[in-house]
Amino acid sequence: LPSLTTIARAPTMRACTPRASLANARGARCDERRATRAKTHRRPAVASPTILVKDGKDPETTTNGLSKKRRAVIEDMTSFAAGELSGLLKDPDTNWQPQDWLPNPESPDFLDQVAEIRKRAANIPDDLFVVLVGDMITEEALPTYMNMLNTLEGTKDNSGADAHPWAVWTRKWTAEENRHGDLMNKYLWMTGKVNMKPVETTIQKLIGSGMNPKTDNNPYLGFVYTSFQERATKISHGNTARLAKEAGDPEFAKMCGIIAADEGRHEIAYQRIIDEVLARDPDGAVLAYADMMEKQITMPAHMMCDGQHKARTGRDLFADFAAVAERTGVYTGHDYADIMDHLNKRWDIANITGLGGEAAAAQEYLMKQPARIRKLVAFAEKKAAKKPPAKETFSWIYDRPVDIN
């Protein structure tokens with residue numbers, strides 16, 4: 001739907017054809033009915049989304065849609081998007097593809113290669129399998145993430161095949177990310193340790209549920225979110241690579257490693273976008289960063305559900321998956337604090353000068369947050385240490401139990 005126009009086209013109606021003896025009376029009633037129907041079927045105006053940075057107090061966000069100033073900032077970055085940003089993508093003809101890492105089905109020893117995968121996978125502990133499956137499911141929900149990027153005012157792909165650089169970036173970033181879930185899905189299937197039916201159900205349900213990253217259609221907020229999230233994903237895949245190698249599956253470790261390398265390249269891309277925003281609108285960039293951190297970064301798979309776990313345990317599937325990831329050291333609260341510390345240094349938040357009152361307050365808030373988060377994590381760890389050990393089964397691994405505390 002057009003985002004800034006009122007659509008008031010009435011539906012096509014059949015012409016009234018009264019008999020000649022009642023032509024005048026029925027004709028008048030026909031006109032009345034036509035007018036009534038036009039009012040009844042008129043489609044309401046489609047309001048542009050309201051972009052808020054913080055409680056609507058920022059004067060640049062008091063109008064509907066992206067403000068004039070900030071739309072101009074995004075438009076001014078078009079050449080950056082076409083040049084440096086797009087240059088961080090790789091050529092599909094020379095980039096790695098999932099099949100490069102998987103057994104060749106045409107090979108006469110294909111089944112022997114699959115048997116070797118199953119042999120190595122026997123050494124991987126179940127808690128690591130839970131994390132690997134959860135990471136794979138997160139990657140497979142890629143349509144949701146592309147959809148999120150296409151909600152951002154000024155950068156979205158309106159037609160699905162727009163030629164402007166932001167739209168091209170979104171499609172090609174999505175295409176690169178698509179290989180991650182493909183590779184992990186096929187490899188995990190070959191291990192024989194993963195129950196693919198509930199995994200596939202979880203993927204479908206997750207895509208159907210969507211996500212709410214609280215980016216409010218605002219590219220400033222959206223690109224802060226992706227700057228944080230790509231680094232988080234890189235850390236997670238990097239840690240699963242290390243643990244897979246320690247468990248005796250060096251090949252799977254390499255796969256997780258190349259996926260982590262992709263995420264690292266994408267992390268650089270999104271953080272460079274915020275570099276460019278900071279250079280043009282430091283107040284807006286700092287306020288957007290503080291807004292996202294105050295709301296907290298929502299993990300992209302937070303709405304995952306397999307249709308079984310909650311009914312059986314009364315607990316949220318994502319919460320239990322996250323607990324296993326925390327317990328195995330794949331992704332922890334310390335990582336969250338470290339990422340924020342990294343972004344503060346990466347964007348040199350402490351040394352930005354000339355900020356307005358609200359942005360200066362946001363700057364101070366951002367600099368204090370990593371230490372505050374670490375204190376909260378330490379408190380949570382002490383609290384968790386007092387709890388008795390607990391196990392839970394996961395449908396993804398044929399209901400085998402793993403420690404969640």
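Accessible area here comes from the Shrake-Rupley method with a 1.4 Å probe. With that in hand, I looked up the surface: the chain exposes about 19,900 Å², and carbon and sulfur atoms supply 54% of it.

**Confidence**

I'm working with a predicted model, so I checked pLDDT early. The chain average is 87, and 84% of the residues score at least 70. Two stretches made me pause. Residues 33-56 stay under 50, and the model gives them 51 contacts beyond four places in sequence. Residues 58-64 are also below 50; for that stretch I find 15 contacts beyond near neighbours in sequence.

**Overall build**

I went through the secondary structure and got 15 helices and two strands. The chain has 405 residues, and 48% of them count as buried. I then looked at contacts with a separation of 6 or more: 78% of these are between residues 24 or more positions apart.

**Salt bridges**

My tally for the structure is 30 salt bridges. I picked three to look at.

The first pick was D262 with R179, whose side chains meet at 2.2 Å, N to O. What does this pair tie together? D262 sits in helix 10 (residues 250-280) and R179 in helix 7 (residues 165-191), so the bridge ties parts that are 83 residues apart in sequence. Are the two partners buried or exposed? The cut-off for buried is under 20% relative accessible area. D262 has 3% relative accessibility, so I note D262 as buried. R179 is at 4%, so R179 is buried as well.

Next I turned to R231 and E267, with side chains meeting at 2.7 Å, N to O. This pair also links distant parts of the chain: R231 is in helix 9 (residues 219-246), E267 is in helix 10, and they are 36 residues apart. R231 counts as buried at 18% relative accessibility. E267 is buried too, with a relative accessible area of 3%.

My last pick was R280 with E276, another salt bridge with 2.7 Å from N to O. How far apart are R280 and E276 in helix 10? They are four residues apart in that helix, so about one helical turn separates them. R280 is partly exposed, with a relative accessible area of 28%, whereas E276 counts as buried at 15%. Following shared partners from here, I reached one network of salt bridges that joins D76, E84, R272, D275, E276, R280 and R346.

Conventions. Residues are numbered from 1 along each chain as its sequence is written. This is a predicted model: local features need pLDDT of at least 70, side-chain atom pairs count only at pLDDT 80 or more; totals for chains, interfaces and linings use all residues. Side-chain values use heavy atoms; hydrogens and water are left out. pLDDT is the predictor's confidence in each residue, from 0 to 100. Contact means heavy atoms within 4.5 Å. Buried means under 20% relative accessible area, exposed over 50%, partly exposed in between (1.4 Å probe, protein chains only). A salt bridge is a side-chain nitrogen of Lys or Arg within 4 Å of a carboxyl oxygen of Asp or Glu.
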